[in-house]
Amino acid sequence: MGRRYRNLSTSNKLALWSSVVAALAFAVPIAVTAWQTIFPSDPATLLVEPNDQACLNRWYVPDTEAALLPRLRGATPEQLEPWRREGRIAHAGALEAALSVHGNAGSSVEIRDISVTVTRREKLAPGTVTPPPGCGAGPEEPAYLVVDLDALPLNRPVPATYLLRSPQQKAARQLEKDMGESLSLPHTVAAGDFYSLFLVGRAKRYDCHWRATITWWDGEKTQRHTVSDSGGKDLRVVPTGDDFP
């Protein structure tokens, strides 16, 4: 992994470090603090953990909220989350959500698709993007689905089958391979097992609002769940001004 890391671009290194540390939460999946827990009595439970660690992310702060800039360094996820929810800050460059699917006792489930929908795209208002952060290294990663949001159509769900073969997503797929491995669907989660993956949305040109939908089969019927921000709001990521490949 060390040789592969040294060959990465700066932006890919940053994305790798943020994912490495976030992945540590899945070493003991039962201890993960769920952002959203769904279908508690059904064949599967979905846990979604947003990556809001201060040292793992670049943040966009609009000029109207410049007073927050000195408070970002060292801020806890609990402090950052309401600022992000209120639109006072936003993820810059990429936003990661760590997903874990647990097959409840007595049944297995099959994850069939993860579709991504860009719901709004606009030019970024004047503001400041914080410098690249830095954290330590870690072990190999679970699966990734990286999406370049600028290339997706508006208000149209784009399935993983397209994202994993589209020429417009070639750079995103390369980043998946650099970080660990690309998502492979369908994927069966056995009863009692966990399956963890990272969903990464990147933006280079536009302020993008987006959400994802996970489709899975519980043995009897198709289930769907929308991955969004706290309170059901769309996820948001803005460009940093740096080029990524």
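**Exercise 1.** In which helix is Glu176 found, and is Glu176 buried or exposed?

*Solution.* The structure is a predicted model, in which local features need pLDDT of at least 70, side-chain atom pairs count only at pLDDT 80 or more, and totals for chains, interfaces and linings use all residues. Residues are numbered from 1 along each chain as its sequence is written, and side-chain values use heavy atoms, with hydrogens and water left out.

Step 1. Locate the residue: Glu176 lies in helix 6 (residues 170–179). Helices (H or I, at least four residues) and strands (E, at least two) are DSSP runs, numbered from the N terminus.

Step 2. Assess burial: with a relative accessible area of 1%, Glu176 is buried. Buried means under 20% relative accessible area, exposed over 50%, and partly exposed in between (1.4 Å probe, protein chains only).

Step 3. List the surroundings: leaving out residues up to four places away in sequence, Glu176 touches Tyr144, Leu145, Val146, Leu164, Glu181 and Ser182. Contact here means heavy atoms within 4.5 Å. The C-alpha atoms of Glu176 and Val146 are 6.2 Å apart, although the two residues are 30 apart in sequence.

**Exercise 2.** Determine where Arg156 is placed and whether this residue is buried or exposed.

*Solution.* Step 1. Arg156 belongs to the loop between strand 8 and helix 5.

Step 2. Its relative accessible area is 53%, so Arg156 counts as exposed.

Step 3. Beyond neighbours within four places in sequence, Arg156 is in contact with Val116 and Thr117. Between the C-alpha atoms of Arg156 and Thr119, 37 residues apart along the chain, the separation is 8.0 Å.

**Exercise 3.** Identify the polar partner of the Asn57 side chain.

*Solution.* Step 1. Asn57 sits in the loop between strand 2 (44–50) and strand 3 (58–62).

Step 2. Asn57 counts as buried because its relative accessibility is 6%.

Step 3. The partner is the side chain of His91, at 3.2 Å. A polar contact is a pair of N or O atoms within 3.5 Å; within protein, one must be able to donate a hydrogen and the other to accept it, and residues adjacent in sequence count only if both atoms are side-chain atoms.

**Exercise 4.** Which residues of helix 4 are buried, and against which elements do they pack?

*Solution.* Step 1. Within helix 4 (residues 77–85), the buried residues are Leu80, Glu81, Pro82, Trp83 and Arg84.

Step 2. These buried residues pack against strand 3, helix 3 (69–72) and strand 4 (90–92).

Step 3. After helix 4 comes Gly87, with a positive phi near 80 degrees.
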